[in-house]
Amino acid sequence: PIDLQVWENRHSAVKLGDKLGEGAYGEVRKGVLHRKNKKLDVAVKLMKGGELNKMKIREMMNEARLMRNFKHKNIVRFFGVAVVEQPLYILLELVNGGALNTYLQKNKVSDLELMRMCLGAAQGLQYLHANHCIHRDIAARNCLYSNDKVVKLSDFGLSVVGNQYKLCAAQKLPIKWLAPETITTRFFTPKTDVYSYGVMCFEIFSNGAEPWEGVTNTVTKNNVVNGINLVIPESCPEKFRSFVHEKIFVVDPKRRVVMDDVSRFIEPIINDMHNAAAV
Ligand code: ATP
């Protein structure tokens with residue numbers, strides 16, 4: 001028998017259930033993982049192999065390799081893979097509320113809950129950066145939201161370990177989430193994640209609206225490199241709103257805050273909102 005590492009599972013250990021969604025790789029389905037007489041609810045990313053999918057498989061295995069090191073409440077937990085048979089499986093923590101952008105579009109969310117989303121995402125990203133990982137694709141569509149209202153960062157397909165990463169090939173990029181220096185130099189760093197996080201805050205306070213809606217990619221790029229940025233809606237507490245405008249949407253990455261600063265800034269705002277709501 002094949003010697004399977006702990007994070008490698010046999011297909012027979014996974015019972016597939018209903019479809020949860022459709023990703024770039026293929027289907028995502030509910031599942032139950034049987035491990036040592038225990039049953040665990042999971043989400044299963046399925047993917048067919050073959051020549052056409054080589055690049056995608058590399059991304060998927062990159063995602064698996066990175067995610068298995070992470071354990072944090074704001075990061076989707078990784079439970080292993082099943083790769084001996086086809087289709088390949090990635091087994092993840094099941095997050096029942098679905099993608100964050102869809103949740104924002106479909107639900108009326110209180111200001112306090114919105115701020116808590118910003119904090120949860122900030123803490124997840126802070127943890128990633130402390131572990132020398134650059135996410136590279138921070139956006140509401142790449143976060144999941146649990147039934148108990150916890151934001152979980154997901155989609156580590158593009159993530160890298162290190163202090164910086166230079167894009168070499170002509171890779172498709174989510175222009176409207178990119179930091180100005182990525183547009184001009186093609187470099188990604190933890191600071192470029194901070195900028196994308198700012199764009200995600202725009203999404204959070206705009207009911208999941210698309211940033212720069214109706215604006216072309218070319219105009220968006222021009223705006224961003226010239227310091228013309230998104231305007232966070234007024235539904236955002238003023239303190240945090242000016243923080244995003246003045247400390248996150250900053251052209252020079254050296255003058256931009258790090259994720260530690262962001263979490264530290266949000267915490268007292270939430271405490272104040274919480275106390276005001278209790279009065
Ligand atoms: P893309 O890169 O286009 O966003 P992807 O291949 O990375 O796609 P995901 O976005 O991760 O795939 O997944 C597609 C959909 O499946 C999500 O929008 C979500 O609805 C569902 N989904 C993914 N992972 C989970 C999970 N861990 N728990 C619950 N649902 C999930």
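## Around the ligand

Strand S1 (14-22) and strand S5 (88-93) each supply at least two residues of the shell around the ligand. Before we go further, please keep in mind that this is a predicted model. Of the elements that contribute, S1 gives the most to this shell, with 3 residues.

How many residues surround the ligand? There are 21, and the closest are Gly21, Gly23, Ala24, Val28 and Ala43. Sorted by class, the shell has 11 nonpolar residues, 6 polar ones and 4 charged ones.

## The open sheet

A good place to continue is the sheet that includes both of these strands. This open sheet has 5 strands in the order S1-S2-S3-S5-S4, and the pairing is antiparallel. S1 and S4 stand at the edges with a single partner strand each, so one side of each is left without a neighbour in the sheet. On average, neighbouring strands of the sheet are turned by 30° against each other, direction ignored.

What holds such strands side by side? In general, strands of a sheet pair through backbone hydrogen bonds, either parallel or antiparallel.

## From S2 to S3

Let us walk across the sheet, starting with S2 and S3. Strand S2 (residues 27-35) and S3 run antiparallel and are joined by 8 bridges. One pair to look for is Val28 with its bridge partner in S3, Lys45. Val28 is also among the closest residues to the ligand, which gives you a handy landmark for finding this pair in the picture.

The hairpin of S2 and S3 has 2 residues between the strands, and here Lys36 takes a positive phi near 45°. Further along, Leu46 has its place in strand S3 (residues 38-47). Is Leu46 buried or partly exposed? With 19 C-beta neighbours inside 10 Å, Leu46 counts as partly exposed, because a buried residue needs 20 or more. For a sense of scale, the C-alpha atoms of Leu46 and His245 are separated by 40 Å, and these two residues are 199 apart along the chain.

## From S3 through S5 to S4

S3 also pairs with S5: the two run antiparallel, joined by 6 bridges. In this pairing, Val44 stands opposite Leu91 in S5. On the S4 side, Gly80 stands opposite Leu91 as well, so Leu91 is a useful residue to pick out when you trace S3, S5 and S4 in the sheet order.

S4 and S5 pair in the antiparallel sense over 4 bridges. Another of their pairs is Ala82 with its bridge partner in S5, Tyr89. Strand S4 (residues 78-82) is mostly covered, with 5 of its 5 residues buried, even though S4 stands at an edge of the sheet. A hairpin of 5 residues joins S4 to S5. Pro87 is found in that loop between S4 and S5, and a cis peptide bond with an omega of about -10° joins Gln86 and Pro87.

## Helices that pack together

Now for the helices, with H3 as our guide. Helix H3 (residues 111-130) packs with helix H5 (residues 190-204) at an angle of about 165°, their axes being 11 Å apart. H3 and H5 are therefore roughly antiparallel to each other. H3 passes H5 in a right-handed crossing.

H3 has a second partner to look at, helix H8 (residues 259-278): the two axes come within 9 Å and cross at roughly 155°. That makes H3 roughly antiparallel to H8. In which sense does H3 pass H8, left-handed or right-handed? This crossing is left-handed, whereas H3 passes H5 in a right-handed one.

## Two loop residues with positive phi

Two loop residues round off the tour. Arg186 is not a glycine, yet it has a positive phi of about 65°. Its place is in the loop between helix H4 (180-185) and strand S11 (187-188). Arg186 is partly exposed, with 14 other C-beta atoms within 10 Å.

Where is Asn207 found? Asn207 is in the loop between H5 and helix H6 (217-225). The phi of Asn207 is near 55°, a positive value in a residue other than glycine. Asn207 is partly exposed, with 16 other C-beta atoms within 10 Å.

Notes:
Residues are numbered from 1 along each chain as its sequence is written. This is a predicted model: local features need pLDDT of at least 70, side-chain atom pairs count only at pLDDT 80 or more; totals for chains, interfaces and linings use all residues. A residue is near a molecule or strand if its C-beta atom, placed from the backbone, lies within 6 Å of it. Ala, Val, Leu, Ile, Met, Phe, Trp, Tyr, Cys and Pro count as nonpolar, Asp, Glu, Lys and Arg as charged, and the others, Gly among them, as polar. A residue is buried if 20 or more other C-beta atoms lie within 10 Å of its own, exposed if 12 or fewer, and partly exposed in between; C-beta atoms are placed from the backbone. Two strands pair if DSSP finds at least two bridges between them. Axes are lines fitted to C-alpha atoms, for helices over the stretch in contact, and angles run from 0 to 180 degrees between N-to-C directions. Angles under 35 degrees count as roughly parallel, over 145 as roughly antiparallel, 65 to 115 as roughly perpendicular and the rest as oblique. A crossing is left-handed if the near helix is turned anticlockwise from the far one by less than a right angle, and right-handed if clockwise.
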